[in-house]
Structures are given as C-alpha cells and as structure tokens.
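These are my notes from going through one structure. I wanted to see how it is divided and how its strands are arranged.

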Amino acid sequence: MNDRVTNLVIAGLGGQGVLKAAGIVSDAAFRAGFDVKQSELHGMSQRGGSVSSDIRFGREVFSPMVPAGEADYLVVAAPDQIEVNRSQLRSGGVLIAPDAVDPAKLANKKSFNVALLGVLSRHLGIAEEAWLDAIRAAFPEKLHAANLQAFALGRKGV
Amino acid sequence: MSTKNSVRSLLSGDEAVSLAAWHAGVALGTGYPGTPSTEILENFSALGGHAQWAPNEKVALEVALGAAFAGARAIATMKHVGLNVAADPLFTAAYTGVTGALIVVSADDPGMASSQNEQDNRHYAAAAGLPMLEPADSQEAYDFTFQAVEISERWKIPVLLRMTTRVCHSRTIVRPRAAHVPPRSPHFERDVRGRVMIPAYARPAYRRLRQKLSEIQAWNETCPLNRVVEGDRSLGIITSGISYMHVREAAPRASVLKLGLTHPLPLEKIRAFAAGVNRCLVIEEGDPVLTDAIRAAGVKVESQPEMYRFGELNVARLRRILSGDTSPEPAPVPGKPPQLCPGCSHRYVFEALHKLDSIVAGDIGCYTLGVLPPFEAMDTCVCMGASIGVGLGLRHVLPPEQARRVVSVIGDSTFVHSGITGLVEMVYNPPPTGHLVLILDNSTTAMTGHQEHPGTGRTLEHEPTGKVSFEDLARSLGIQNVHVADPTANPAVLTRLVQECLANGQLNVIIARRPCLLIAGKIKEYDRAASVPCAEALSEES
C-alpha cells in the first residue's frame with residue numbers, strides 16, 4: 001500500500017443520497033483495509049441545498065477534509081452542482097458527472113447515487129467484494145437488489 | 001450506525017461518544033437536539049442506553065446532575081449555544097461536584113455550518129472552573145469519553161467534553177477498548193454542606209473546587225492525554241482538537257505538542273516543549289484561548305494572524321499560516337442555499353406575513369428560512385425563544401401604527417425550549433397594542449432531523465408519553481384569544497386570522513398546526529404502533 005492518500009469529494013443536493021453514497025465509499029475503503037476519514041456538514045444542508053462530503057483513504061489520514069483543489073475524484077449527482085464544486089478537483093483529477101449514468105436503465109431511480117459509485121469504482125483500488133459488502137450494509141435487505149443492479153450498471157460502464 | 005461488539009468500526013465522533021458512554025456504564029443520557037450534537041443521544045438509545053430529550057439544555061443538565069448526585073454516571077449533550085442555556089446549573093455544579101460521574105458534551109460549530117454564532121466554549125472551562133477534554137477524531141472521542149468518566153469520578157467533578165463539528169460529523173476508525181460495564185448502583189447519601197449552595201456552604205465549596213483543579217493540573221502535567229510528536233526542532237506547534245490533524249498534514253516535519261486535557265493546562269509541559277524548539281507557534285480554531293493562557297504563564301509563543309480566528313481551520317489555511325500569508329483568502333463558490341421544502345406549511349405562514357407587511361420577530365428552526373426570498377418575512381433572529389421577548393420589546397416602544405404590525409414567530413420545539421416564559425412575560429407585561437405569538441407547530445424538531453419534544457407526546461424512542469398542549473397552556477395563562485389553524489388546508493383563513501389578531505389590540509396566540517411533511521407518514525406509524533398493544537390486549541381477551 002503506498003503512502004499517498006486518495007481524495008474524493010461527492011456532491012449534490014439535499015435528498016439525492018450524497019451522504020449515503022459517501023458512507024458507502026468510506027465503508028468500502030475501510031473494508032479494503034485502508035485508514036479512512038469521511039467528513040460532511042449536516043444541518044441546514046438537509047433542506048434541498050448543496051451537500052457535499054469528503055472521503056480520504058490511504059495508509060494514514062490526518063485531516064478529514066480534502067484540501068481545496070486536491071480532490072483526485074469529484075462525483076457530482078446534480079448537473080447544477082458541477083461548477084459549484086469544480087474547484088475541489090486537482091488538475092488531472094477525474095470528474096464523474098451525472099450524465100455518466102443513464103437513469104432509464106436503473107431498476108429504481110433512487111439508486112442513482114449508487115450507480116455513480118459503480119462508475120467511481122472503476123477508478124479506485126478497492127476490491128469489488130468490499131464495495132458489495134458496503135452496499136449491503138448500507139440498505140435494508142429489500143433494497144439490496146436494486147442497489148446492486150445500479151452499482152453493476154455504473155461499474156460496467158454505459 | 002450502532003455497534004455493540006469490540007471490533008474496529010468506522011464511526012462518527014458522535015457515535016463514538018455514545019459507544020463509550022454505553023461501554024462505560026452511563027446510566028442516563030439527556031440533552032436537547034442541536035447540530036452537531038444530536039446523534040449522540042439517538043445512538044446511545046439505539047445501543048440500549050437510557051436516553052431522553054429534555055425541553056432544554058438547562059433542564060437536561062439538571063436532570064443529569066441529579067443522577068450524578070445519586071451516584072450514577074450521566075451524560076448531558078448539547079450544541080455550543082445550548083451550554084449558554086445550561087450555564088446556570090453548570091457553574092454551581094462545579095462547586096457541588098458529583099457523587100457518580102457527570103459528562104457535559106458541548107458540540108461547538110466553528111464556521112457556523114448550522115448555528116447563529118461561532119462562540120468558543122473553551123471559555124466555559126476556565127469560567128466555570130471545570131476540566132475540559134478535546135478529542136481530535138472518533139478514536140479520541142471514544143477514549144476521552146472514558147477518560148472523562150474516570151476524571152469525573154476520581155475528583156468528583158463535572159467534566160466538559162468539547163467536540164467540534166468536524167469531530168462530531170467525521171467518520172474515522174475506532175477500536176473500542178472495553179465491553180459494556182453495568183451501571184453503578186445509585187444510592188442517596190445526605191451531604192447537605194456539599195449539595196446545598198447557601199453562601200455559608202458555597203464559600204468552602206469554591207475553595208474545594210480550586211483545590212481539585214490544582215490537583216488535576218498537576219496530574220495533567222504527566223497524563224497521557226497530552227502528547228508530543230517528536231519532529232524537527234526548528235518549529236514546534238502547540239495545538240488541540242481537530243486542528244491537530246490539519247497541523248500534522250500541513251507541517252509533517254514539525255514537532256507537535258497535542259493537548260487533550262486543555263483545562264487546567266499542563267503549563268510546565270508546555271513550557272518545556274516551547275523551550276526545546278526554536279520557534280513555538282500556537283494553532284487553534286476560534287478564539288486565542290490557548291495562546292492567551294500560555295502567554296499569561298510567561299511562555300513566549302507565536303500566534304496565528306487574527307484573520308484565521310474566523311471560521312474553521314483546514315489544511316489549506318494551515319499552509320497559509322505557516323508561510324505567513326495574510327493576503328485575502330479566495331471566497332468559496334456559493335452553493336445552492338437551503339430552502340423551505342416545497343409544500344411546507346411554513347411557506348403559507350410566511351406568504352401571509354409577507355403580504356401583511358408584518359414586522360416579524362423570528363426564532364431558531366427550519367422556519368428561519370422564512371428570511372430568504374421569496375418570503376423575506378423575518379426581521380430578527382437571535383437565540384432560542386427570543387422571538388417572543390424581542391417582539392414584546394418592539395411592541396412596547398414602537399409608534400402604535402408600527403407596533404401593531406409586530407408578530408412573534410416560534411416553532412413548536414423552540415416554544416417548549418424557551419418560549420413559555422416569553423408567553424408568561426406577555427401576560428404579565430402586555431404591550432398597549434396587544435401582541436400576536438404565532439406558534440408554527442409541525443409536530444417535531446424538524447431542523448435537527450425530526451426529534452421528539454414534550455409537545456409531540458412521544459419520547460426520544462417515539463413511544464407515547466405525557467403531552468404538553470400549547471393551546472391549554474396559553475389559555476391557562478389567561479391569554480384572551482387562542483386559535484388553532486392548519487395553514488396548508490386553508491391559507492386564506494390563516495391570513496384572515498392573523499389580520500384580526502393584529503387589529504384587536506389584545507393578546508393572541510395562533511397555533512399553526514400541520515405535521516412536517518417529511519415526517520407525517522412516520523408520525524402515523526408511531527401512532528399506529530402505540531395503539532397496537534391495546535388491540536392485542538383486546539384480541540387476547542376476546
């Protein structure tokens with residue numbers, strides 16, 4: 001495991017499952033054996049405003065917040081939140097925009113956030129099993145099939 | 001996420017505090033919801049702990065203090081401004097001390113992600129004379145909660161556990177140290193001189209408190225809660241809490257003294273650290289509390305520039321501080337502001353107030369968003385409950401034609417928290433033009449994530465309990481006109497009612513009642529669940 005910390009920002013609007021998605025990523029990284037920190041702001045953001053969460057993983061992580069302009073990956077769930085968050089991305093960093101997933105192909109539209117994680121998973125060195133375990137742990141059993149389908153859709157690529 | 005076993009897990013700081021409280025045998029957790037502290041009690045309850053919401057933080061602390069007088073371990077949780085409300089019992093609880101353990105969690109909000117001010121509650125430790133622990137991540141939140149219990153029991157003193165937003169709401173890895181220990185057996189022992197703070201008994205109690213603090217300070221000089229990260233001796237940094245994490249990342253080669261027990265400070269340890277480095281810099285989020293205390297002890301340290309006192313610290317700001325950069329910081333790209341949900345009943349109320357050109361003394365909750373366009377129907381918002389007092393003050397002095405436009409707007413949970421005494425004031429000192437208090441009752445504490453309160457008639461765990469009726473309360477106080485209206489069902493009726501109340505020159509309370517649409521379904525479920533035992537009992541009998 002190299003010493004470099006991987007920096008991720010997941011952003012969107014309140015109600016899009018941004019914090020849920022961030023929880024899944026950090027759990028998957030944790031299950032894969034990394035040190036992980038995930039940070040977010042609650043409160044007023046719950047009322048439909050901008051929401052974002054920082055996830056950092058590696059051998060050892062100190063600050064829980066991704067320094068501005070140092071995100072390796074920026075995942076955005078709402079088109080109008082791309083520009084708001086673009087400055088988070090380092091030069092050469094990867095933007096995963098909402099058009100990376102076709103919502104029409106989802107078994108359940110609410111799983112859009114998890115489908116974006118499928119796209120993200122293609123870039124990260126986290127074993128598929130860790131992702132799947134993290135997804136199963138994040139939802140009640142009746143929602144497993146829809147979310148695993150969404151993840152597979154994103155991971156496969158459209 | 002709750003966890004009961006002692007394997008490593010990824011927990012928020014709030015979850016880590018509740019897990020430690022559970023493991024340490026805390027018998028009672030009480031508090032009032034407030035970002036970023038709310039999840040501590042919710043998770044403590046989920047783990048199996050006895051947790052309850054109090055009407056406000058003062059009552060919460062008093063309940064916890066009573067439990068600690070009885071020999072139990074108790075925890076009271078609140079956000080930073082909540083400690084202002086609880087400050088009265090706090091200062092004298094420092095004198096009385098406790099028999100069991102009393103942990104007071106103050107969750108500060110540097111950067112004001114969800115608060116009306118950025119007050120730095122480290123001042124409370126010095127002002128009240130209480131030990132304060134400051135965790136930097138979830139592991140420390142867990143460990144320090146245990147330590148707080150131990151310090152509280154050893155010195156019979158309440159302990160402040162100061163969290164901040166980024167510690168409360170960051171998830172980091174925690175390895176629990178112990179399984180659940182059963183709570184101590186409470187018992188009452190009479191100690192009149194120790195517990196009844198008349199002046200004759202309080203004078204020696206104050207001396208006892210200062211004696212305890214000097215013992216804790218001596219212990220703190222060598223205790224493992226403060227540690228030195230050996231590094232390059234050209235730069236030494238003294239810091240605490242989350243700032244430590246930013247420091248380690250921005251200055252990986254510096255020597256660092258990380259303080260965990262920040263009141264009373266280990267001044268000799270600090271003196272020795274500062275003497276061993278060429279430059280010694282203090283990094284702290286918020287006010288220069290450490291800097292001032294260290295300088296007052298005659299230790300020469302550098303401080304961060306004043307501009308970094310405002311808002312949260314982070315790695316980028318640390319790099320600027322270390323490079324001496326005081327140029328203006330880039331403004332963050334503004335995101336989409338929060339707003340009242342589509343269909344929210346508050347919308348109809350603020351549309352009415354906007355239309356009537358009311359002067360609105362507002363309060364703390366989702367409905368504070370009524371200040372934003374398109375409503376722009378709020379003129380003041382200060383603290384929990386202030387809407388009523390401020391509204392009355394405006395009424396007393398404004399010329400009558402303006403006074404008659406003043407309305408106090410307060411939410412249901414906020415009303416229970418500190419609006420009731422405002423209503424009493426209205427009855428006792430009625431303004432010449434009368435007044436109107438509008439209670440926006442959406443049957444939950446919506447802003448912090450839908451917690452119960454005494455007006456919902458359900459406990460923290462959503463079980464049925466005693467219910468405070470706002471209309472009965474208002475009528476019992478002798479308020480002439482008490483109305484209940486559903487703003488969503490008939491906005492025109494509500495508007496007319498407000499108009500009438502503003503015109504009648506009397507004392508009026510309108511309860512605008514409509515359950516929050518995000519929770520309406522759940523409330524029906526709770527009510528259904530509450531009625532199940534009766535149905536089962538009936539079917540067993542038949």
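Entry 1, domains. I opened the predicted model and looked up how chain B is divided. I found domain 1 (9-220), domain 2 (227-322) and domain 3 (345-526).

Entry 2, domain 1 of chain B against domain 3 of chain B. I read the distance between their C-alpha centres as 32 Å. Their contact takes 14 residues from domain 1 of chain B and 16 residues from domain 3 of chain B. On the side of domain 1 of chain B that touches domain 3 of chain B, I noted two elements that give two or more residues, α2 (39-47) and β3 (51-53) of chain B. The largest share of that side comes from β3(B), with 3 residues. I then sorted the residues of that side and got 7 nonpolar, 7 polar and no charged.

Entry 3, a sheet. I followed an open sheet of 7 strands with mixed pairing. Its order is β5(A)-β4(A)-β1(A)-β3(A)-β2(A)-β8(B)-β1(B). Which strands stand at the edges? I found β5 (89-96) of chain A and β1 (9-12) of chain B there; each has a single partner strand, so one side of each is left without a neighbour in the sheet. Ignoring direction, neighbouring strands of this sheet are turned by 25° against each other on average.

Entry 4, one pair of strands. I checked β4 (residues 71-76) of chain A, which pairs with β5(A) in the parallel sense over 4 bridges. I also noted A:V75 opposite A:I96 in β5(A).

Entry 5, a helix. I looked at α1 (residues 18-31) of chain A, which lies across β1 (6-13), β2 (35-40) and β3 (50-58) of chain A and also across β1 and β8 (170-174) of chain B. Helix α1 of chain A runs at about 5° to β3(A).

Definitions and conventions: Residues numbered from 1 in each chain as written. Chains lettered and ligands numbered in written order. Predicted model: local features only at pLDDT ≥ 70, side-chain atom pairs only at ≥ 80, totals over all residues. Domains from an automatic or database assignment. Contact = placed C-beta atoms within 7 Å. Nonpolar A, V, L, I, M, F, W, Y, C, P; charged D, E, K, R; others polar. Pairing = 2+ DSSP bridges. Axes fitted to C-alpha atoms, helices over the stretch in contact; angles between N-to-C directions.
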